[in-house]
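Colleague: Before I set anything up with this file, I would like to go through it with you point by point. Please show it first.

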Amino acid sequence: MDIQKYYETLFPYRQFFLWLNHAAVPTRDFTHREFAFTVLNGQGSDIYVRYQSFPTIETFKRKVAMLTPKRFEIGAVYTAKPSDHKLVSPEKYVAVNKELVFDLDLSDYDSFRTCCQGKQVCLKCWQFVVVAMDVLGAIFDLDFGYKHILWAFSGRRGVHAWVCDTRARSLDDSQRGQLLNYIQVTQKYEKGKLVINRPWHPSVQRSFDICKVKFDQIVLQDQNPWNTHANSSYLLNKLKQVNEALYAKLNEKWQEPSTSREKWMDIDQTAREIAAEGKLDTLGAKVLLETKQDIVLEFLYPKLDTNVSISRQHLLKSPFCVHPDTGNVCVPINPLTSRTFDPTKVPTLATLADSSILEPYLSVFKQFVTELNRSEKRPSSSLDF
Ligand SMILES: [Zn+2]
């Protein structure tokens, strides 16, 4: 199917409108919403067209049909119509509302995955995304009480999360920054060592519990990052900071080939041996345990592109767009079945000859939009800012 036909016949305009508009007739959530299109010019290079806004979904659809964009992005709701932004003074053109969005991309996991690099993705490294979705999903729900999160495949090697609860949409940039700061617990390093205050915040403990369960399968078995002595330096350097005797013994032992899983188990075994020799005290044992916990978080805790989340003016590719390079449709992902989602088998323009392939994803989206709109307690006066 070509892209024009896709946007004419398969893109779910009605649900898309209800998702962003939160009501059946156009409100400012739609009419004052910024859209941006990426289109090809005659010379084959991209043109980025910002500040687009539309009075109705029909006018939006006509524009899409006319431009046949490579992709389009969704921005904030402004105090004036984005298409009028040059007609009003800057202080009257201010972003007021936007879904709280998160961008998770496997290219940020390149130093933690061995199966693929860069633009590649496979079912093994996709499990990093699945764990990140579990951790973030629990934070959204249990720490912030957000209930309406739309997860969408970003088209190649990541996901976008759209937190659509009214409370989340009205956060200003500074509040979004604070929220990101709360979530980004694995960002602070001192001398190459992760710094997370202990005792842990209950949220960190819960995230760790989610990650720990998956560490053996995803990291030790599937990624097997420390399968030779040479590539065990990450682990050895961490252990050297804990205890020299432990480091020396393991450095010696790991000259012989062994798997990452065997090495991970060697750590505790060797720690017991040197403790019996009086070379590891209780404090040292505690630091060792914390170091191992940090490694679990370092590998599996979500790695986020923060700028996308903090600035309301930042635009993000719409769900159901087609990724221009892969031809993949950016389909929603049901978080309850995220484990079985296979990024290498999503519908593509090439496989979409039969529209029924898209049906399960349309159904996820429709259900999400219905529940979101049911939760919107929007008195008629709130249509005006
Ligand atoms: Zn992979």
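Colleague: Among contacts between residues at least 6 apart in sequence, what share joins residues at least 24 apart?
Modeller: Keep in mind that this is a predicted model. Taking the protein chain's contacts between residues at least 6 apart in sequence, the share that joins residues at least 24 apart is 68%.

Colleague: How many helices and strands does the chain have, and what does its C-alpha trace span?
Modeller: The protein chain has 14 helices and 10 strands. Along the principal axes, its C-alpha trace spans about 75 × 45 × 40 Å.

Colleague: What percentage of the residues is buried?
Modeller: A residue is called buried when its relative accessible area is under 20%. The protein chain has 385 residues, and the buried part makes up 50%.

Colleague: Which residues coordinate the zinc ion?
Modeller: The donors sit at 2.3 to 2.4 Å from the zinc ion, and each is an SG atom. Along the chain they follow the spacing C-C-x5-C-x2-C. The residues are Cys 115, Cys 116, Cys 122 and Cys 125.

Colleague: What arrangement do the 4 donor atoms around the zinc ion make?
Modeller: Four donors count as tetrahedral if all angles lie between 85 and 135 degrees. For reference, the ideal angle for four tetrahedral donors is 109.5 degrees. Here the 4 donor atoms subtend angles of 102 to 118°, so the arrangement is tetrahedral.

Colleague: How many residues apart in sequence are the parts that Cys 115 and Cys 125 tie together?
Modeller: Cys 115 is in the loop between strand S5 (100-105) and helix H5 (123-143), while Cys 125 is in helix H5. The pair therefore ties together parts whose separation in sequence is 10 residues.

Colleague: Which class of accessibility does each of these two cysteines, Cys 115 and Cys 125, fall into?
Modeller: Buried means under 20% relative accessible area, and partly exposed lies between that and 50%. Cys 125 has 0% relative accessibility, so Cys 125 counts as buried. Cys 115 has 29%, so Cys 115 counts as partly exposed.

Colleague: Which element gives the most residues to the lining of the largest pocket?
Modeller: The largest pocket holds about 520 Å³ of space, and 21 residues line it, with Ile 149, Trp 151, Asn 334, Pro 335 and Phe 368 nearest its centre. Elements giving two or more residues to this lining are H5, strand S6 (149-153) and helix H14 (359-375). With 6 residues, the element that gives the most is H14.

Colleague: How many residues of each class line the largest pocket?
Modeller: Proline counts as nonpolar and glycine as polar in this scheme. On that basis the lining of the largest pocket has 11 nonpolar, 6 polar and 4 charged residues.

Colleague: What is the volume of the largest cavity?
Modeller: The count comes to 1 cavity of 30 Å³ or more. The lining of the largest cavity consists of Lys 193, Leu 194, Lys 238, Gln 241, Thr 291 and Asp 294. Strand S9 (193-194), helix H9 (233-242) and helix H12 (282-300) each give two or more residues to this lining. The volume is about 50 Å³.

Colleague: Is Lys 292 buried or exposed?
Modeller: Lys 292 is found in helix H12. Leaving aside neighbours within four places in sequence, Lys 292 is in contact with Trp 264, Ile 267 and Asp 268. Its relative accessible area is 12%, and the cut-off is under 20%, so Lys 292 is buried.

Colleague: Which peptide bond is cis, with omega near 0°?
Modeller: The proline concerned, Pro 199, is in the loop between S9 and helix H8 (202-223). The cis bond runs from Arg 198 to Pro 199.

Colleague: What is phi of Tyr 51?
Modeller: Tyr 51 is in strand S2 (residues 46-52), and is partly exposed, with a relative accessible area of 32%. Phi is positive here although the residue is not glycine, with a value near 55°.

Colleague: And what is phi of Phe 320?
Modeller: Phe 320 is in the loop between strand S10 (316-317) and H14, and counts as buried at 1% relative accessibility. This residue other than glycine also has a positive phi, near 75°.

Notes: Residues numbered from 1 in each chain as written. Predicted model: local features only at pLDDT ≥ 70, side-chain atom pairs only at ≥ 80, totals over all residues. Heavy atoms only, no water. 1 Å grid on protein atoms, 1.4 Å probe; cavity = no way out; pocket = protein on both sides within 12 Å on 5 of 7 lines; lining within 4 Å. Points joined across faces, edges and corners; volume = space filled by probe spheres on them. Helix = DSSP H or I, 4+ residues; strand = E, 2+ residues; numbered from the N terminus. Donors = N, O, S within 2.8 Å, 3.2 Å for Na, K, Ca; no water. Tetrahedral: all angles 85-135°; square planar, octahedral: opposite > 155°, others 65-115°. Buried < 20%, exposed > 50% of the residue type's maximum accessible area, 1.4 Å probe, protein only. Contact = heavy atoms within 4.5 Å.
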